[in-house]
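Reader: I have a structure open and I don't know where to start. Can you walk me through it?

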Amino acid sequence: MMLNGAVGGIRTFMWSQVILAVPLYLVALILRIGLGDLHDSGHGGADFFTTLAQSYFTCFRCLVAGDCNNADGKPIFVLVSRAYGWWFGVFYCFLTVLFSVALFNVIVAIYVENTVAAAKKNELQIKHARLTDQRMFNDKAQQLVEFVVQHTRGVLHLMGDHALTHEQAMQLHLTPEIFEELLDHQEFQQMLRDLDVADEEQHDLFDTLDIDGGGTLDLEELLSGIAK
């Protein structure tokens, strides 16, 4: 479930990268325009914004990765604020709150919600498949019962052509000889295959299900054993 949920969340994860990249690009563009042409005026940190690519990488470092120092270990935006105005410091504080509190939390919430939804959807699909398989088993089991009743009417000394109720049919007792005669019919073998009984297991099926060794097996026991 967790694995399928994670796979289902990959699409959300990719969209979260877009949600993160767009505001980062806008911030990088603003700082490139505001600081990119000031890098020759001193060592105020403007040299980190000389190109759009370098500005984007610096913004990523400062706002996402948490590494906002220059090679000497000095905070980039502290240097920028001192050299070019306090409003750059205010802008950086605003961006820090926006990314760390608002944007990141929204991305995480969306990712978790979609991951859980994908996991629940997979669980519902498994449940639906299980119900579908159960309906298929019931249909095949009904066909098998009808086939046995039809082809053993004389052998089991059933009374004429009177229709049997489902409960009466399920209580019909088969012997090993009758079961082997049924196996001579390709249709009966195919029904067992449809019920996931392999060819090599069909001839031993009677002995396998006749746990008490009584020599007889009713249809209810047969179907219950196949279902297991």
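Author: What follows goes from the overall make-up to the cysteines, the salt bridges, one helix and one surface patch.

Author: This is a predicted model, where local features need pLDDT of at least 70 and side-chain atom pairs count only at pLDDT 80 or more, while totals for chains, interfaces and linings use all residues. Residues are numbered from 1 along each chain as its sequence is written, and side-chain values use heavy atoms, with hydrogens and water left out.

Reader: OK. How many helices and strands does the protein have?

Author: The protein has 11 helices and two strands. Both kinds are DSSP runs numbered from the N terminus: helices are H or I with at least four residues, strands are E with at least two. From the N terminus the order is α-α-α-α-α-α-β-α-α-α-α-β-α.

Reader: What share of the residues is buried?

Author: Of the 228 residues, 34% are buried. Buried means under 20% relative accessible area, exposed means over 50%, and partly exposed is in between (1.4 Å probe, protein chains only).

Reader: And the surface, how much of that belongs to carbon and sulfur atoms?

Author: Carbon and sulfur atoms hold 61% of an accessible surface of about 14400 Å². Such areas come from the Shrake-Rupley method with a 1.4 Å probe, and for residues only the protein chains shown count as cover.

Reader: Cysteines next. Which ones are joined by a disulfide?

Author: Cysteine 62 and cysteine 68 are joined, with 2.0 Å from S to S. A disulfide is a pair of cysteine sulfur atoms within 2.5 Å, and the structure holds one. The link of cysteine 62 and cysteine 68 is right-handed, with 80° about the S-S bond. Both of these cysteines are buried.

Reader: Why is there no bond for cysteine 59?

Author: The closest cysteine sulfur, in cysteine 62, is 6.9 Å from the sulfur of cysteine 59, which is too far for a bond. Cysteine 59 is buried, at 1% relative accessibility. Cysteine 93, at 49%, is partly exposed.

Reader: Switching topic: how many salt bridges are there?

Author: There are three in the whole structure. A salt bridge is a side-chain nitrogen of Lys or Arg within 4 Å of a carboxyl oxygen of Asp or Glu. One of them pairs lysine 140 with aspartate 194, whose closest N and O atoms are 3.3 Å apart. That pair links distant parts of the chain, 54 residues apart: lysine 140 is in helix H5 (residues 87-151) and aspartate 194 in helix H8 (residues 186-194).

Reader: And the others?

Author: Arginine 193 meets aspartate 199 at 2.5 Å, N to O. Arginine 61 meets aspartate 67 at 3.6 Å, N to O.

Reader: Is arginine 61 buried or exposed?

Author: Arginine 61 is buried, at 14% relative accessible area. Its partner aspartate 67 is partly exposed, at 39%.

Reader: Which residues of helix H7 are buried?

Author: In H7 (residues 176-183) they are Ile178, Phe179, Leu182 and Leu183. Seen down the axis of H7, these fall within an arc of 145°, so they line one face of the helix. The arc is that of the directions from the helix axis to the C-beta atoms.

Reader: Last one. Which residues make the nonpolar surface patch?

Author: Trp15, Val18, Val22, Tyr25, Leu26, Leu29 and Ile33 make a patch of about 680 Å². Patches are made of residues with over 30% relative accessible area and no salt bridge, with like charges joined within 9 Å and nonpolar side chains (Val, Leu, Ile, Met, Phe, Trp, Tyr) within 5 Å. Valine 18 is in helix H2 (residues 10-35) and is partly exposed at 38% relative accessibility.
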